[in-house]
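Please walk through this structure with attention to how individual side chains are placed and paired. The account below moves from a single position to charged pairs and then to the cysteines.

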Amino acid sequence: MTDLVRGILNVIWLVFGGLWLALGYVLAGIICCLLIVTIPFGIASFRIAGYALWPFGRTVIDRGPVGAFSALGNVIWVIFAGIWIAIGHVVTAIPMFVSIIGIPLGIANLKMIPISLMPLGKVIVPSDYYIAGMKR
């Protein structure tokens, strides 16, 4: 995908759902940062907010096996925030699939559901970095 196509898709994404999704992640991050124990969730939420704002040209990869605290953190995240953000992705994906131009946006929206459910242990990298086989 060329940079021009990525830019066009990102602008369309931003207008038709990306801004609202990113605001949802920022709100979840702010709420998580209120308590000291949930600050890692807040940091992960802010990281994903940037990805939700401008997703084309970037991809999500696993950092590797997560520890017990990250696994427990992901379970807590799913219960309190992840399920609601995942529902937000589904709700915004449905109208995107209605138009032909929105199908790639709907697909991208559905691809974000796994990271919205289990954000700890994931890394967001440029697609070119990952495709070239330079993943760590």
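Does Asn 10 count as buried or exposed? In this predicted model, Asn 10 counts as buried, with a relative accessibility of 1%. The residue belongs to helix α1, which spans residues 3-33, and, once residues up to four places away in sequence are set aside, Asn 10 touches Trp 54, Pro 55 and Phe 56.

Helix α1 also carries a charged pair, for the side chains of Arg 6 and Asp 3 meet in a salt bridge with an N to O distance of 3.6 Å. These two residues are 3 apart in helix α1, which means that about one helical turn separates them. Arg 6 is buried, at a relative accessible area of 12%, whereas Asp 3 counts as exposed, at 62% relative accessibility.

The count of salt bridges comes to 2, and another pairing is that of Asp 62 with Lys 122, whose closest N and O atoms are 2.8 Å apart. Because Asp 62 lies in strand β1 (residues 58-62) and Lys 122 in strand β2 (residues 122-126), this pair ties together parts that are 60 residues apart in sequence. Lys 122 counts as buried, with 17% relative accessibility.

Turning to the cysteines, the structure holds 0 disulfides. For Cys 32, the nearest cysteine sulfur is that of Cys 33, 7.0 Å away, and a disulfide requires the two sulfur atoms to be within 2.5 Å, so this pair does not qualify. Cys 32 is buried, with a relative accessible area of 11%, while Cys 33 counts as partly exposed, at 31% relative accessibility.

Key. Residues are numbered from 1 along each chain as its sequence is written. This is a predicted model: local features need pLDDT of at least 70, side-chain atom pairs count only at pLDDT 80 or more; totals for chains, interfaces and linings use all residues. Side-chain values use heavy atoms; hydrogens and water are left out. Buried means under 20% relative accessible area, exposed over 50%, partly exposed in between (1.4 Å probe, protein chains only). Helices (H or I, at least four residues) and strands (E, at least two) are DSSP runs, numbered from the N terminus. Contact means heavy atoms within 4.5 Å. A salt bridge is a side-chain nitrogen of Lys or Arg within 4 Å of a carboxyl oxygen of Asp or Glu.
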